[in-house]
Amino acid sequence: MAEWELRPLSLGEILDRTFSLYRRNFLLFLGITAIPHLLVLGLNLVQVLIVKAPNMVPVRTTTQFQAGPANSFLAFGIVGGILALIIYVVSFLFAQGGTIYAVSDLYLGRPTTIGASLSRMKGQLLNLLGVMILNGLATLAAFIFLIIPGFYVACRLSTCIPAALLEDLGARESLERSFSLTKDNAGRAFVIYLLYFALLYAAILLFLMPFGVLAAFSAKDPSLLRWSMALMQIGNFFATVLVSPFILIATSVFYYDLRVRKEAFDLQLMMNPGGNPASPTTSVPSMLS
């Protein structure tokens, strides 16, 4: 039986349920976000603590100093950059998708674990990557024209990730689905984003700013500078894993609230308690119409 009553919610109730879900399942959401991002943290620490500048490599001739180490460092930078990008993207996708699946299970009264939530992302990575790329391009295009349309489009697309994962939709279909669901509700999505960024900047000030100040004062001490930068990476890790679940939980609760309001999802679930009733995708209008 679902712990949470499925009914139309006010904005305050959506935020209250978000914080309640996060607080009651803190270790679950922390693990889902932290485990993939440990790879990113490890890579960042390796880059900070191990990589040395070219002039620290001993050479015998002027030609070797100018060409050899520089080329090696450049090659390492390119390979390392590609590897870092792959690791970051995969970690980000697992953390995002795993959190969405966990919220859905908890919200609908189903048991879940860290491993079960993350394992459900198998086979979903490319689709979710496409959703995020298309979402980013649509939002960027709106921002290029004017700031206000950019924020508006971002708010209208706020539920595209839950729609893609929980309804098994493709990239374009999930954006159209979100645009349909959030009609007349962009203001509530804007407040959710506003609160998320407030929490994010607070976490940055708490976990990164002290080490940033330390790095600024240790510019003349390479060893201390390196360790302060490593501490900044650790601080960034904690800020990410603590704040990221909020926006995903909030948009998932918001997504279900919109389905209850517009599609009587609560009644559909009562008639089909073992599943997540599919959306009426055949009636989803195009974003361009």
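In this predicted model, the cover over the buried residues of helix 7 includes helix 6, helix 9 and helix 10. The residues of helix 7 that are buried are G150, V153, A154, C155 and R156. Helix 7 spans residues 147-156 and is also among the elements that give two or more residues to the lining of the largest pocket.

**The largest pocket**

The volume of the largest pocket is about 1,000 Å³. Its lining comprises 39 residues, and those lying nearest the centre of the pocket are F92, Q96, Y196, F197 and I247. Besides helix 7, the elements that supply two or more lining residues are helix 2 (26-49), helix 4 (68-107), helix 6 (125-145), helix 8 (160-166), helix 10 (186-207) and helix 12. Of these contributions, that of helix 12 is the greatest, at 9 residues. In terms of residue class, the lining holds 26 nonpolar and 13 polar residues, and no charged residues.

**The nonpolar core**

Helix 12 is prominent in the core as well, as the following figures show. The largest nonpolar core consists of 57 residues, within which L21, Y107 and I161 have the most contacts. Helix 12 provides the largest share of this core, with 13 residues.

**Salt bridges**

The model contains 10 salt bridges. Side chains of opposite charge can pair when their charged atoms come close. Three of the pairs are listed below with their N to O distances.

| Salt bridge | N to O distance |
|---|---|
| D105 and R110 | 3.9 Å |
| R172 and E176 | 2.7 Å |
| R177 and E263 | 2.5 Å |

The pair D105 and R110 joins residues that fall into separate burial classes. D105 is buried, its relative accessible area being 7%. R110, with a relative accessible area of 25%, is partly exposed. The 3.9 Å separation of their N and O atoms qualifies as a salt bridge because the cut-off is 4 Å.

R172 and E176 both belong to helix 9 (residues 171-181), and since they are 4 residues apart, about one helical turn separates them. An α-helix has 3.6 residues a turn, so residues three or four places apart point the same way. E176 counts as buried, at 9% relative accessibility.

The salt bridge between R177 and E263, with its closest N and O atoms 2.5 Å apart, connects distant parts of the chain. R177 lies in helix 9 and E263 in helix 12 (residues 222-263), the two residues being 86 residues apart. Both partners are buried: R177 has a relative accessible area of 2%, and E263 has a relative accessibility of 16%. These two residues also take part in a wider arrangement, a network of salt bridges that links E167, R177, R259 and E263.

**Helix 11 and residue A216**

A further point concerns A216, a residue of helix 11 (residues 209-217). Is A216 buried or exposed? A216 is exposed, because its relative accessible area of 57% is over the 50% limit. Along the chain, A216 and M229 are 13 residues apart, and their C-alpha atoms are separated by 9.9 Å.

**Summary**

Helix 12 recurs in these results: it gives the most residues to the lining of the largest pocket, provides the largest share of the largest nonpolar core, and carries E263, the partner of R177 in helix 9. Helix 9 holds R172 and E176 as well, and is among the elements that cover the buried residues of helix 7.

Definitions and conventions:
Residues are numbered from 1 along each chain as its sequence is written. This is a predicted model: local features need pLDDT of at least 70, side-chain atom pairs count only at pLDDT 80 or more; totals for chains, interfaces and linings use all residues. Side-chain values use heavy atoms; hydrogens and water are left out. A salt bridge is a side-chain nitrogen of Lys or Arg within 4 Å of a carboxyl oxygen of Asp or Glu. Buried means under 20% relative accessible area, exposed over 50%, partly exposed in between (1.4 Å probe, protein chains only). On a 1 Å grid over the protein atoms alone, a cavity is a set of points where a 1.4 Å probe fits but cannot get out, and a pocket is an open set with protein on both sides within 12 Å along at least five of seven lines; lining residues have an atom within 4 Å of a point. Grid points are joined across faces, edges and corners, and a volume is the space filled by probe spheres set on the points. Ala, Val, Leu, Ile, Met, Phe, Trp, Tyr, Cys and Pro count as nonpolar, Asp, Glu, Lys and Arg as charged, and the others, Gly among them, as polar. Contact means heavy atoms within 4.5 Å. A nonpolar core is a set of buried Ala, Val, Leu, Ile, Met, Phe, Trp, Tyr and Cys residues joined through side-chain atoms within 4.5 Å.
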